[in-house]
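Q: I have a structure open and want to go through it step by step. Can you help me read it?

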Amino acid sequence: MKQSGEIFSKHPYPSPNPHIQLNEIIYWSNGFRVKGLLAEPKGKGNYEGILYLRGGIQRIGMVRPSRIAQFAAQGFVVFAPYYRGNRGGEGFDEFAGDDRYDAVHAVDVLKRFIKVHRIHIFSFSRGGIMALWTAILRNDITSLVTWAGVSDASLTYEERKDMRRMMKRVIGGTPSNHPELYHARTPLHFMDEFKPPVLIIHGLKDQHVRPLHAKKLEENLLQKNSEVKTWYFDEYTHHFPPDVNAQVVRDLTTWMRLQKGELK
């Protein structure tokens, strides 16, 4: 079996930005070949890294080249795993089951393309639960941003009737008849050793991932005296208007640069 985090192949991918180079990476994760998209600024520089953890499951919420290039244009090397079972990758997308290790090992992929020893995590929606697990299972994350992020698997089942059939199939039951399965997927129960500073971004009109996910994470971090900052937006839902979205991306990447800590 190949070592997790080792690159199997790297192929050029069409970029929407002439200043950003894209490559599709296939890497090893616990015996599976998993795909992801790498974005690198073409100009010379000592760039920090961002692990971009997508939302959705399977085709829904798939990594978009324009979005990855948008983050790279802020002066970062960005790697966005598709998660196992997607776009021809091996295995099955499990919604923060063993596929959490696809994010964990993607950090090792990203390390190969940066010189500055700082890696940040940006996550959106379902990516939030993946990001928290990554920071729990690693000790080399400089900062973490969760935007409209899931933090509690049971809460997602309760609030998203449209996802219940998928969650029962993927997880193996419901929170009522198999609470232990949802407990095991929920990082809030396992954050005693959680270390990086966290920025929580959430629209308070979000009906896809309700603000309670953000509030529960904030409360958890405050109880542990962890460093946490919140940007709550009263007027927005799960998706922000394009101009606001672009400004928040600029603001959050500025916040990332201000965080202390080096990659170990």
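A: The turns below go through some strands, a helix and several charged residues.

Q: What kind of model is this?
A: This is a predicted model, in which local features need pLDDT of at least 70 and side-chain atom pairs count only at pLDDT 80 or more, while totals for chains, interfaces and linings use all residues. Residues are numbered from 1 along each chain as its sequence is written, and side-chain values use heavy atoms, with hydrogens and water left out.

Q: Take strand 5. How many of its residues are buried?
A: Strand 5, residues 76-81, has 6 of its 6 residues buried. Buried means under 20% relative accessible area, exposed means over 50%, and partly exposed is in between, with a 1.4 Å probe and protein chains only. Strands (E, at least two residues) and helices (H or I, at least four) are DSSP runs, numbered from the N terminus.

Q: Which residues are on each side of it?
A: Phe76, Val78 and Ala80 are on one side of strand 5, and Val77, Phe79 and Pro81 are on the other. Both faces are covered.

Q: Which way does strand 5 pair with strand 3, parallel or antiparallel?
A: Strand 3 (residues 32-41) pairs with strand 5 in the antiparallel sense, over 4 bridges. Two strands pair if DSSP finds at least two bridges between them. Gly36 stands opposite Pro81 in strand 5.

Q: And strand 4?
A: Strand 4 (residues 48-53) and strand 5 are paired in the parallel sense, also over 4 bridges. Here Ile50 is opposite Val78.

Q: What do strand 4, helix 1 and strand 5 make?
A: With helix 1 (residues 65-72), the two strands make a right-handed β-α-β unit. Right-handed means that, with the strands pointing away from the viewer, the path from the first strand over the helix to the second runs clockwise.

Q: New topic: salt bridges. How many are there in the whole structure?
A: A search of the whole structure finds 11. A salt bridge is a side-chain nitrogen of Lys or Arg within 4 Å of a carboxyl oxygen of Asp or Glu.

Q: Give me one.
A: Asp93 bridges to Arg126, with 2.7 Å between the closest N and O atoms. Asp93 is in the loop between strand 5 and helix 2, and Arg126 is in the loop between strand 6 (119-124) and helix 3 (127-137), 33 residues apart. Both Asp93 and Arg126 are buried.

Q: Another?
A: Lys216 and Asp152 meet in a salt bridge at 2.5 Å, N to O. Lys216 lies in helix 7 (residues 212-223) and Asp152 in the loop between strand 7 (143-147) and helix 4 (153-159), so the pair ties together parts that are 64 residues apart in sequence. Lys216 is partly exposed at 29% relative accessible area, while Asp152 is buried at 8%.

Q: Which residues form a network of salt bridges?
A: Asp108, Lys111, Arg138 and Asp140 are linked in one.

Q: What about Arg100?
A: Arg100 lies in helix 2 (residues 100-111). Arg100 is buried yet has no salt bridge, and the nearest side chain of opposite charge, Asp98, is 5.7 Å away. For charge, Lys and Arg count as positive and Asp and Glu as negative, while His and the chain ends are not counted.

Q: Which residues is it in contact with?
A: Leaving aside neighbours within four places in sequence, Arg100 is in contact with Met130, Trp133, Thr134, Leu137, Ala184 and Arg185. Contact means heavy atoms within 4.5 Å.

Q: Last one. Is helix 3 mostly covered or exposed?
A: Helix 3 is mostly covered, with 10 of its 11 residues buried. Among them are Met130, Trp133 and Thr134.
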